[in-house]
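Reader: Hi there! Could you walk me through the helices of this protein slowly, with a close look at how one helix sits against its neighbour?

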Amino acid sequence: MIFNNIKNIILLLATVLLPISSIANSDILQNSKGIVFEIYSSKGKAIILYDKNSSSLDSVTAHLLADDIYKVTNYKPKVITNIKQAKGHVIVVGTMPSDLVNQFIDDKSIKEGFKNQWDSYLYKTIANPTKTIDKAFVIAGTNSRGTAYGVFNISKIIGVNPWYWWADVPVKQNRELVLHQPEYYSKAPSVKYRGLFINDEDWGLQPWAEKNFEPETGDIGPKTYAKIFELLLRLNANSIWPAMHPSTKAFFHYPGNPKMAALYNIVLGSSHAEPMLRNNVDEWDKKSMGSFNYKTNKEKVYQYWEDRVKATKDIDAIYTIGMRGVHDSGMEGVKSKEEAIAVLNEVIVDQRGLIEKYINPKVVNVPQAFTIYKEVLDLYKNGLEVPEDITLVWTDDNYGYIRSLSNADEQKRVGGGGVYYHASYWGRPHDYLWLSSTSPYLIREEMMKAYSLNNKEIWILNIGDIKPAEYNLQLFFDMAYDAEQFQNSESVFTHQQQFFSDIYGNELGSEIAEIKNNYYQLAFERKPEFMGWSQTEKTTPIYNTAYNTLTNGDEILHRINAYQTIETQVQEIEHKLAEEFKSSFAQLVSYPVEGASNMNKKFLYRDKAMTYAQEGRQSAAQYKEMSEKAYDKIVSLTKKYNRLNNGKWQGMMDMKPRRLPVFDNPEINLTEISDKDAIGVTVEDTLKTKEGIDKLPTFYVNETASHFIDIYLKSLNKANWKFDTCPNWINISKTLGTLNEKNLDRRIQISINWNLWEKAGKPNSETLKIIADSFEKDLQINISASYLNVPKNSIVEKNGKAIVYANNFVNNEKKEDLAWEEVKGLGHSKSTMQALPLSAESVLDQTKGPVLSYEFFTETITEKAMIDIVAMPTHPLNTDGKVRIAVQWNDEPIKIIDFKTEGRSEIWKQNVLRNKAINQIKTPIKNKGKQTLKIYMVDAGVLLDYFVLNTGETSEVYPLVSETINE
């Protein structure tokens with residue numbers, strides 16, 4: 001746990017350079033209270049004592065703590081269960097109430113109410129508790145998981161990272177370990193049940209376990225689950241939905257699996273599609289049992305559930321209530337919503353009857369979950385009755401945006417609310433099973449939204465294969481354990497820094513956090529798995545991306561360069577890392593960063609090749625080769641991953657999950673164009689005057705922008721080119737040159753020297769001429785002085801567009817407790833504006849709601865202008881809600897727009913693929929100069945990202961570009 005916030009724990013790690021005597025004189029010790037406890041030093045070597053009559057987990061954690069101390073010091077404490085054998089320094093591991101803990105801690109001395117806290121622990125150091133024990137360091141939990149969290153928090157502090165095994169994070173070794181520990185009581189976890197769902201494991205965890213880690217089982221079995229359960233406890237988690245795909249046998253198929261869950265005290269659940277701890281995919285045999293249909297085959301289905309409930313009556317579990325189809329599909333045998341609701345109501349009554357009969361007559365005391373997933377949401381909205389004590393588990397739309405949450409009445413339910421959230425997904429519009437790239441800022445925003453609306457009972461993260469989603473899993477569980485630490489969005493980057501600093505040290509950790517932050521932001525614009533612009537279910541071929549190599553300074557080059565920057569940074573760090581850190585670095589940092597970078601290069605170089613081929617550029621073939629090299633690099637990176645740590649992870653990483661077209665080496669057919677011209681010239685944005693002369697985008701007085709011209713070989717092997725004439729106020733990066741086999745094209749940057757422009761009489765245009773062998777072309781340069789009298793840093797229209805980010809308002813007017821507030825780090829602009837508080841009723845009278853005001857200065861008069869209002873594609877806060885704002889352009893009537901999407905509509909598909917919802921309204925411009933845009937709050941939770949004003953027939957911009965600011 002990174003944000004455990006144990007303010008009073010001080011761990012002193014004494015090395016040969018810092019003997020124990022000098023530590024005793026440190027400021028840290030002088031400012032602390034309590035008793036020094038030596039785990040391993042010249043003054044004492046601790047042993048570990050636990051109660052053999054207590055939970056089996058106490059034994060597990062006691063022995064794991066001994067192993068952890070050994071990893072750090074090379075000294076392994078003896079682990080005992082008989083207090084009579086305890087001498088010297090003793091670490092006491094116990095769960096309350098127990099005879100062992102009571103011998104060290106008087107019940108009356110424990111903080112009032114603490115023993116009733118869920119999953120909590122205390123620390124207490126005691127001098128001379130018995131005649132033979134000099135010092136005791138007591139780790140006591142309110143339940144056995146609480147004890148485990150207390151133990152593993154100490155392990156983390158002494159240098160054993162929770163990811164020591166799952167990501168090969170090196171243990172920080174030390175010669176001596178000394179604790180100075182005041183009495184401490186942990187808080188109860190923010191969320192009661194905190195777990196993961198292993199899913200879509202066919203290309204990672206399952207083949208790795210089958211062929212590498214657990215060949216004796218040939219599957220994900222008890223040996224694998226033991227490692228998973230240990231990780232959960234080290235991350236302060238307590239629940240699991242086991243793997244359930246056809247590639248994996250059902251959890252209960254192997255008797256060792258539930259025994260292992262019991263040993264580690266992990267709460268067992270099952271996914272939204274698997275009622276009553278059943279795995280329908282593996283356990284429902286249609287041939288012998290008939291159809292999974294409660295209308296026509298009720299007796300068999302009921303018996304199927306009854307058998308499992310009887311077998312699990314002593315298991316710590318959350319029972320999934322309800323029914324869907326076998327393969328995560330809609331319920332069988334129903335023809336209407338009304339019929340489905342009637343059947344489900346009957347199913348719920350019967351399932352609760354089984355719980356009442358076999359587990360607890362007071363069914364309200366048995367944890368139950370009803371997951372409101374896909375079509376079940378519609379059934380719930382249309383009258384499905386879910387008993388008060390069942391937890392309503394809300395879901396995201398599979399792409400990180402929660403569909404709905406508990407309203408004011410639902411928040412009062414005895415069973416409370418929860419969330420099932422995806423950080424990995426198989427399905428339409430496209431899978432993302434390969435690299436974990438969901439924005440941590442999005443995860444924080446959505447999960448903290450759930451928390452603030454009292455959905456705190458169950459949080460489950462669909463994490464795929466665990467790897468390579470280590471960081472997002474850590475973030476999710478840290479939020480679930482201590483949500484208060486994440487109230488502010490800026491906590492996300494602090495958390496990333498801490499995560500990587502814990503492993504690689506503060507300086508390197510901050511550098512790595514910045515790299516990964518950029519990695520997530522680039523993927524927020526478009527995930528690596530979505531770069532083929534293809535879809536699945538039905539699977540389509542790949543298409544060209546929406547990035548344009550000839551627009552906005554070359555959108556393709558900008559994205560390639562952004563990825564290349566972090567790829568180079570990663571390679572430089574990896575080169576200088578000590579050998580012991582390289583395996584963890586490859587897993588946590590370099591593989592995802594380099595993999596994403598080369599996936600982007602594969603498609604973006606392909607686009608360049610095909611665009612350039614259409615222009616007749618000889619260089620098109622070079623970009624085809626670069627695309628193919630990017631594919632080859634992904635192959636080599638994946639082989640490297642699977643060889644890490646002497647093949648420990650062989651089979652874990654598959655670069656082509658589900659074998660979708662996006663993962664292939666794309667076919668690039670370059671059409672040869674017969675062209676007699678020696679060279680070709682293309683201008684940025686491919687603009688032309690009315691007379692057909694090529695022109696660059698307009699330059700605005702005093703701006704520092706430059707625009708490009710591409711000059712390239714077409715039909716000859718060599719050509720000389722030059723600008724025939726050029727006034728001194730036009731800056732040209734290169735005025736002449738030679739194109740040949742080594743230099744097939746040349747990009748020329750053009751800008752304006754404004755001082756010399758003024759001296760030249762402030763011309764508003766100029767024509768340049770490029771000449772080569774039997775070739776010449778005129779290029780027009782245009783100057784606009786529209787904004788000389790406009791205030792600096794204002795938003796202005798340039799070349800038919802004006803772009804402003806949502807946080808760049810000129811006025812933010814609040815109304816009582818209603819406000820638009822900034823959420824930093826989130827969105828394409830990395831700073832969205834959110835309508836708050838989340839508990840607010842819809843504001844239907846715009847005079848009573850908060851309003852954001854924006855100003856644009858324009859140079860165009862037109863009735864055809866449009867503005868794109870770009871928001872995060874969030875969903876209504878509850879089942880009755882909408883996602884509305886009110887928009888006013890100048891003195892035009894106020895318009896209500898709604899970003900709400902339905903089901904799996906085409907709009908929703910595009911929204912989640914691009915992480916933005918776009919609503920367009922007409923914005924007639926009757927006069928040049930200042931225009932005003934006002935955004936009024938209607939529904940709470942709306943997240944505004946940025947706005948694009950289009951005054952002409954300009955192309956849509958896929959990536960977010962810079963604001964159009966008057967310089």
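Author: Happy to; below I begin with how far the model can be trusted, then turn to the helices, and end with one loop residue.

Please keep in mind that this is a predicted model. The chain has a mean pLDDT of 94, with 96% of its residues at 70 or more. Residues 1-32 are another matter, since pLDDT stays under 50 there. The model does have 76 contacts beyond four places in sequence for that stretch. Still, where pLDDT is low, the predicted coordinates should not be read in detail.

Now to the part you asked about, helix H17, which covers residues 506-525. Its 20 residues should span 28 Å at 1.5 Å a residue, and the end C-alpha atoms lie 29 Å apart, so expectation and model agree. H17 is mostly covered, with 14 of its 20 residues buried.

Its partner here is helix H16, residues 491-504. Two packed helices are described by the angle between their axes and the distance between the axes. For H16 and H17, the axes come within 7 Å and cross at roughly 130°. That angle makes H16 oblique to H17, and the crossing is right-handed. On the H16 side, the contact is made by Phe493, Gln496, Gln497, Phe500, Ser501 and Tyr504. H17 answers with a set of residues that includes Asn506, Leu508, Ile512, Lys516 and Tyr520.

A second pair makes a useful companion to this one. Helix H18 (residues 555-576) packs with helix H19 (residues 579-614) at an angle of about 155°, and their axes are 9 Å apart. H18 and H19 are therefore roughly antiparallel to each other. Their crossing is left-handed, whereas that of H16 and H17 is right-handed.

Helix H5, residues 144-158, can be checked in the manner of H17. With 15 residues at 1.5 Å each, H5 should span 21 Å, and the end C-alpha atoms are 21 Å apart, which agrees. Of those 15 residues 14 are buried, so H5 is largely enclosed by the rest of the structure. Just after H5 comes Gly159, which takes a positive phi of about 120°.

Finally, let us leave the helices for a loop. Asp880 is found between strand S35 (866-871) and strand S36 (884-889). Its relative accessibility is 65%, so Asp880 counts as exposed. Asp880 and Lys381 are 499 residues apart in sequence, yet their C-alpha atoms are 8.1 Å apart in space.

Conventions
Residues are numbered from 1 along each chain as its sequence is written. This is a predicted model: local features need pLDDT of at least 70, side-chain atom pairs count only at pLDDT 80 or more; totals for chains, interfaces and linings use all residues. Side-chain values use heavy atoms; hydrogens and water are left out. Helices (H or I, at least four residues) and strands (E, at least two) are DSSP runs, numbered from the N terminus. Buried means under 20% relative accessible area, exposed over 50%, partly exposed in between (1.4 Å probe, protein chains only). pLDDT is the predictor's confidence in each residue, from 0 to 100. Contact means heavy atoms within 4.5 Å. The expected span of a helix is 1.5 Å times one less than its number of residues. Axes are lines fitted to C-alpha atoms, for helices over the stretch in contact, and angles run from 0 to 180 degrees between N-to-C directions. Angles under 35 degrees count as roughly parallel, over 145 as roughly antiparallel, 65 to 115 as roughly perpendicular and the rest as oblique. A crossing is left-handed if the near helix is turned anticlockwise from the far one by less than a right angle, and right-handed if clockwise.
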